[in-house]
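Student: Please take me through a close look at one helix of this protein and the parts it packs with. I would like to follow the reasoning step by step.

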Amino acid sequence: MTGVQTCALPISDVLKGLDNDVADAYRGLHAKITNQGVTFGECATAWRPARIKLVHPTTSDDSGKPEDARTGDFFYAGGLIKRPMRFVVAYAYPSRVRFVADVDRRPSCSSENVDLVNYNAKDASVSVYGDACSSCPHDDQPFRHGQPTSCNNVMNVLMIPESLEDIFTFSFSKSSWSIGRQLVDQAMANRPPWGKFFSLDSKEEKRQGGTGKYALPVIHGLDAGDNPVPDHLKDFAEFVYTHFSAFRKE
């Protein structure tokens with residue numbers, strides 16, 4: 001991916017009338033997205049949102065997890081995230097990831113060439129994941145004879161926290177995939193989707209048929225009347241959406 005994309009909204013439109021601390025937070029996020037080394041008014045395509053991870057009992061110590069993180073905590077490269085975290089949804093997209101337990105330390109394959117709109121698990125002859133997955137070099141392609149393989153659905157959600165500490169991506173997969181899908185459905189029920197706050201927290205669940213536990217994200221939609229999203233956050237979410245959408249299309 002190369003080149004630049006035109007920004008949806010000059011950052012000055014977001015900053016009008018804001019306190020210095022809030023304005024500085026937006027300037028910092030804007031600088032990350034646009035990479036100020038390029039011409040003003042254009043967006044560089046090298047930016048990636050910070051990825052949030054959820055601590056499970058089996059999360060290894062070499063995964064970037066802070067030393068004081070405990071099961072159920074969320075963290076990213078900048079440290080622990082205070083929970084519950086209030087956020088708005090700026091963007092969402094599905095993907096697929098191949099991860100074989102006890103074999104792959106990291107996913108051996110991932111693809112964002114996914115079409116969930118035309119998904120039809122009953123018709124295995126129809127490739128619902130595009131050419132990239134249908135020509136997968138691995139033996140276990142996304143679906144074989146209509147049965148799931150070691151490839152898993154992932155719902156990726158771009159979150160802007162009320163704190164403005166960063167712009168995050170959280171990937172819902174396996175046991176949490178339906179939670180991510182519900183979050184996207186609830187957000188898209190609003191127009192625009194960033195017109196409502198959600199909260200991100202976690203809980204522990206017992207594994208079926210075993211004594212072990214795992215952590216699961218918990219999402220709550222907040223009443224817009226009691227928790228209104230400020231206009232400046234809506235404006236910035238629109239800016240992020242338009243930039244990220246153009247970046248992915250490129």
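Tutor: A residue counts as exposed when its relative accessible area is over 50%, and as buried when that area is under 20%; values in between are called partly exposed. Keep in mind that this is a predicted model. With those cut-offs, look at helix α2, where N20 and D21 are exposed. The buried residues of α2 are A23, Y26, L29, H30, I33 and T34. They lie on the same side of α2 because they cover an arc of only 125° around the axis. N20 and D21 are on the other side of α2. The helix has 15 residues, and from its first C-alpha to its last it reaches 21 Å, close to the 21 Å expected at 1.5 Å a residue.

Next, consider what the buried side belongs to. In soluble globular proteins, nonpolar side chains tend to be buried together. Here the largest nonpolar core has 27 residues, and Y26 is among those with the most contacts inside it, together with V88, I160, I167, L233, F236 and V240. Two or more residues of this core come from each of α1 (11–15), α2 (20–34), β7 (85–98), β11 and α5 (231–249). The element that gives the most is α5, with 6 residues. A second, separate core has 25 residues, including L54, I81, V157 and A215.

I167 shows how the parts of the largest core meet. Leaving out residues up to four places away in sequence, I167 touches L29 and I33, both of which are buried residues of α2. I167 also touches W47, P49 and A50, as well as L158, M159 and I160. Its remaining contacts in that list are F236 and V240, two residues that, like I167 itself, are among those with the most contacts inside the core.

Now turn to the strands. Strands of a sheet pair through backbone hydrogen bonds, either parallel or antiparallel. Strand β11 covers residues 151–161 and pairs with β12 in the antiparallel sense over 6 bridges. In this pairing M159 stands opposite F168, while L158 stands opposite T169. The two strands form a hairpin with 6 residues between them, and L164 in the turn has a positive phi of about 60°. Strand β11 is mostly covered, with 10 of its 11 residues buried. Another partner of β11 is β7: 11 bridges join these two strands, which run antiparallel. One of the pairs sets P94 against M155 in β11.

Strand β12 (residues 168–173) also has a parallel partner, β3 (residues 50–51), with 2 bridges between them. There R51 stands opposite T169, the residue in β12 that also faces L158.

A little apart from this, 3 strands form an open sheet with antiparallel pairing in the order β4-β5-β6. The edge strands are β4 (53–54) and β6 (79–81), each pairing on one side only. Strand β4 and strand β5 (residues 74–76) share 2 bridges, and L54 stands opposite F74. L54 is also one of the residues of the second core.

Two single residues make a useful exercise with the cut-offs. S199, found in strand β13 (residues 198–206), counts as buried because its relative accessibility is 9%. Apart from neighbours within four places in sequence, S199 is in contact with P84, M85, R86 and F87, and also with V218, I219, H220 and L222. R181 is in helix α4 (residues 177–188), and its 30% relative accessibility is why it counts as partly exposed. The C-alpha atom of R181 is 9.3 Å from that of N156, although the two residues are 25 apart along the chain.

Last, place the helix in the whole chain. The protein chain has 5 helices and 14 strands, and buried residues make up 42% of its 250 residues. Of the contacts between residues at least 6 apart in sequence, 61% join residues at least 24 apart. The accessible surface comes to about 13,900 Å², with 47% of it belonging to carbon and sulfur atoms.

Technical notes
Residues numbered from 1 in each chain as written. Predicted model: local features only at pLDDT ≥ 70, side-chain atom pairs only at ≥ 80, totals over all residues. Heavy atoms only, no water. Helix = DSSP H or I, 4+ residues; strand = E, 2+ residues; numbered from the N terminus. Buried < 20%, exposed > 50% of the residue type's maximum accessible area, 1.4 Å probe, protein only. Contact = heavy atoms within 4.5 Å. Areas by Shrake-Rupley, 256 points an atom, 1.4 Å probe, with all protein chains shown as cover. Pairing = 2+ DSSP bridges. Core = buried A, V, L, I, M, F, W, Y, C linked by side-chain atoms within 4.5 Å. Expected span 1.5 Å × (residues − 1). Arc of directions from axis to C-beta.
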